[in-house]
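Got the viewer open and ready? Let's take a walk through this model, one selection at a time.

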Amino acid sequence: MASEDNESGIVDRLKDKLNRMLGRKESETFDISFKGKTDSPSARAAFRIHVNNMQIVCRDPRVKCRINDISANGIGFTSSKEFPVGEIIESVLLWSGKPVLKNLKLKIVRRKEKLVGCEFHELDKNQDKVVSKIVVAAQKRAIKCTKLGKKTDDETENEIIKVAKNQAKRGSKKTPSKKIEL
């Protein structure tokens, strides 16, 4: 309690000193307050990209859903199945029917009618890289579409498939092709 009073006194003295330095009268002073980060459902930590050609296959309940948008922090998809808020589901992320991310864990953070909002949960380093590449590729596509006024899904799709194959190769253990005798 004493430290709070002391801190409050210091802040008041600093305000008074600043007002004197700026030549302000007491009637001209102002106070500034800041609002912290809100926990409202509309608050977003990352920019979302609307996508088509992406699906998510959930393991429990076993269902394939169309992804509406993706960001560095999560995805939004449409589903008629029930997904309770707070539940963690395992899934596979598909791009044009081809698996891009396997063993992906998603935490359900919001549910509004058929729209389900999820955040990525416990991504490993490779999964994080793939998600980043997907988001960057989708952003490039969106920028290109805006500039040219046309769709470029094929180029984005090829880029994502290439990244997924490279990540799969890096993740697999290499076995020696020849046996060496000592």
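Start with a cartoon view of the whole chain: the protein has three helices and seven strands. This is a predicted model, so keep that in mind at each stop. Trace the chain along its sequence and you'll meet the elements in the pattern α-β-β-β-β-β-β-β-α-α.

Now switch on the surface. The protein exposes about 13,600 Å², and carbon and sulfur atoms supply 51% of that area. Of its 182 residues, 29% count as buried. How many of the contacts between residues at least 6 apart in sequence join residues at least 24 apart? The share is 50%.

**Stop 1: the nonpolar core**

Hide the surface and select I56, I75 and F77. Within the largest nonpolar core, which has 28 residues, these three touch the most other members. Which elements give two or more residues to this core? Color them in as you go: β2 (54-58), β3 (63-70), β4 (74-78), β5 (88-95), β6 (98-112), β7 and α2. As a bit of background, nonpolar side chains tend to be buried together in soluble globular proteins.

Zoom in on I75 and show what surrounds it. Leaving aside residues up to four places away in sequence, I75 touches I56, I67, D69, I70, L106, V116, G117, C118 and F120. Keep D69 from that list in mind, as we'll come back to it at the next stop.

**Stop 2: three salt bridges**

How many salt bridges does the structure hold? There are three of them. The general idea is that side chains of opposite charge can pair when their charged atoms come close.

Begin with D69 and R48. They form a salt bridge whose closest N and O atoms are 3.7 Å apart. This pair links distant parts of the chain: D69 is in strand β3, while R48 is in the loop between α1 (2-22) and β1 (49-50), 21 residues apart. Is D69 buried or exposed? D69 counts as buried, because its relative accessibility is 9% and the cut-off for buried is under 20%. R48, on the other hand, is partly exposed, with a relative accessible area of 35%.

Next, select E90 and R59. In this salt bridge, the closest N and O atoms are 3.0 Å apart. E90 lies in strand β5 and R59 in the loop between β2 and β3, so the pair ties together parts that are 31 residues apart in sequence. Both partners come out as partly exposed: E90 has 38% relative accessibility, and R59 has a relative accessible area of 36%.

The third pair is E122 and K105, with the closest N and O atoms 3.4 Å apart. E122 sits in the loop between β7 and α2 and K105 in strand β6, so this salt bridge ties together parts that are 17 residues apart in sequence. E122 counts as exposed, because its relative accessibility is 58% and exposed means over 50%. K105 is partly exposed, at 30% relative accessible area.

**Stop 3: around E122**

Stay where you are and look at the surroundings of E122. Its loop runs between β7 (115-120) and α2 (125-148). What does E122 touch, not counting residues up to four places away in sequence? The answer is K105 and Q127. Show side chains and you can also find a polar contact from the side chain of E122 to that of H121, at 3.4 Å. Then try a distance between C-alpha atoms: E122 and L106 are 16 residues apart in sequence and 8.5 Å apart in space.

**Stop 4: S79, tucked into a loop**

Now select S79, in the loop between β4 and β5. S79 counts as buried, with 4% relative accessibility. Follow its side chain and you'll see that it reaches the backbone nitrogen of K81 at 3.0 Å. Leaving out residues up to four places away in sequence, S79 touches C65, R111, K114 and V116. You've met V116 already, as one of the residues that I75 touches.

**Last stop: a nonpolar patch outside**

Bring the surface back and select L18, M21 and L22. Together they make a nonpolar surface patch of about 330 Å². To place the patch on the cartoon, look for L22 in helix α1.

Note on methods. Residues are numbered from 1 along each chain as its sequence is written. This is a predicted model: local features need pLDDT of at least 70, side-chain atom pairs count only at pLDDT 80 or more; totals for chains, interfaces and linings use all residues. Side-chain values use heavy atoms; hydrogens and water are left out. Helices (H or I, at least four residues) and strands (E, at least two) are DSSP runs, numbered from the N terminus. Contact means heavy atoms within 4.5 Å. A polar contact is a pair of N or O atoms within 3.5 Å; within protein, one must be able to donate a hydrogen and the other to accept it, and residues adjacent in sequence count only if both atoms are side-chain atoms. A nonpolar core is a set of buried Ala, Val, Leu, Ile, Met, Phe, Trp, Tyr and Cys residues joined through side-chain atoms within 4.5 Å. Buried means under 20% relative accessible area, exposed over 50%, partly exposed in between (1.4 Å probe, protein chains only). A salt bridge is a side-chain nitrogen of Lys or Arg within 4 Å of a carboxyl oxygen of Asp or Glu. Patches are made of residues with over 30% relative accessible area and no salt bridge: like charges are joined within 9 Å, nonpolar side chains (Val, Leu, Ile, Met, Phe, Trp, Tyr) within 5 Å. Accessible areas come from the Shrake-Rupley method with a 1.4 Å probe; for residues, only the protein chains shown count as cover.
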